[in-house]
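User: I'd like to go through this one label by label. For each term, tell me what earns it.

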Amino acid sequence: MPGRFRQPDDDPVVITGRKATRNHELTDAEKEANRLLNRERTAVEHGFAHLKSWRILTKAHMNARHATTPLRALLVLANTEAQS
């Protein structure tokens, strides 16, 4: 739609790591990219673990599109608490 601001969730992208095969070893750049991806994935998984321990996800009876903002806010709070 013209004039509409784009939201980050409008076009979700899935980024996966690279995998070595018998005939293709990973380059140093691919290994570094995997490390960076794993670092991000770990932070997200820890955030979900916090949410599950608080049992927030079992009580969120709403559309996933509407749950995104509260879940992001909770992840920020959880990460702030973990870093303190």
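Analyst: Here is the chain, taken from overall confidence down to single side chains. It is a predicted model, where local features need pLDDT of at least 70, side-chain atom pairs count only at pLDDT 80 or more, and totals for chains, interfaces and linings use all residues. Residues are numbered from 1 along each chain as its sequence is written, and side-chain values use heavy atoms, with hydrogens and water left out.

User: How do you know which parts of the chain have the highest and lowest confidence?

Analyst: By pLDDT, the predictor's confidence in each residue, from 0 to 100. The chain averages 77, and 64% of the residues score at least 70. Helix H1 (residues 28-53) is at the top with a mean of 87, while helix H2 (residues 56-59) is at the bottom with 62. Where pLDDT is low, the predicted coordinates should not be read in detail.

User: What makes a stretch count as a helix here?

Analyst: It has to be a DSSP run of H or I at least four residues long; strands are E runs of at least two, and the numbering starts from the N terminus. On that basis the chain has 3 helices and 0 strands, giving the pattern α-α-α along the sequence.

User: How do you know that the span of H1 agrees with its number of residues?

Analyst: The expected span is 1.5 Å times one less than the number of residues. H1 has 26 residues, so it should span 38 Å, and its end C-alpha atoms are 37 Å apart, which agrees.

User: Why is Glu-30 called buried?

Analyst: Buried means under 20% relative accessible area, exposed means over 50%, and partly exposed is in between (1.4 Å probe, protein chains only). Glu-30 has 14%, so it counts as buried. Asn-34 makes the cut too, at 13%. Both are among the buried residues of H1, along with Leu-37, Gly-47 and Leu-51. Over the 84 residues of the chain, 10% count as buried.

User: What makes a residue a contact of Glu-30 or of Asn-34?

Analyst: Contact means heavy atoms within 4.5 Å. Leaving aside neighbours within four places in sequence, Glu-30 touches Arg-18, His-24 and Glu-25. With the same exclusion, Asn-34 is in contact with Gly-17, Arg-18 and Leu-26. For the chain, among contacts between residues at least 6 apart in sequence, 39% join residues at least 24 apart.

User: Why is the pairing of Arg-18 and Glu-30 called a salt bridge?

Analyst: The term needs a side-chain nitrogen of Lys or Arg within 4 Å of a carboxyl oxygen of Asp or Glu. Arg-18 and Glu-30 have a 3.2 Å N to O distance, so the pair qualifies. The two residues come from distant parts of the chain: Arg-18 sits in the segment before H1 and Glu-30 in helix H1, 12 residues apart. Arg-18 is exposed, because its relative accessible area is 51%, whereas its partner Glu-30 is buried. Side chains of opposite charge can pair when their charged atoms come close.

User: And how many salt bridges does the structure hold?

Analyst: There are 2. Glu-32 forms one with Arg-35, where the closest N and O atoms are 2.6 Å apart. These two residues both lie in helix H1, 3 residues apart, about one turn of the helix. An α-helix has 3.6 residues a turn, so residues three or four places apart point the same way.

User: What makes Glu-32 and Arg-35 buried, partly exposed or exposed?

Analyst: Glu-32 comes out at 36% relative accessibility, so it counts as partly exposed. Arg-35 has a relative accessible area of 46%, which also makes it partly exposed.

User: Why is Ala-33 given the label it has, and what about Ala-49?

Analyst: Ala-33 has 40% relative accessibility, so it counts as partly exposed. Its C-alpha is 9.9 Å from that of Thr-16, with their places 17 residues apart in sequence. Ala-49, in helix H1, is partly exposed because its value is 42%. Ala-49 and Ala-78 are 29 residues apart in sequence, and their C-alpha atoms are 9.9 Å apart in space.
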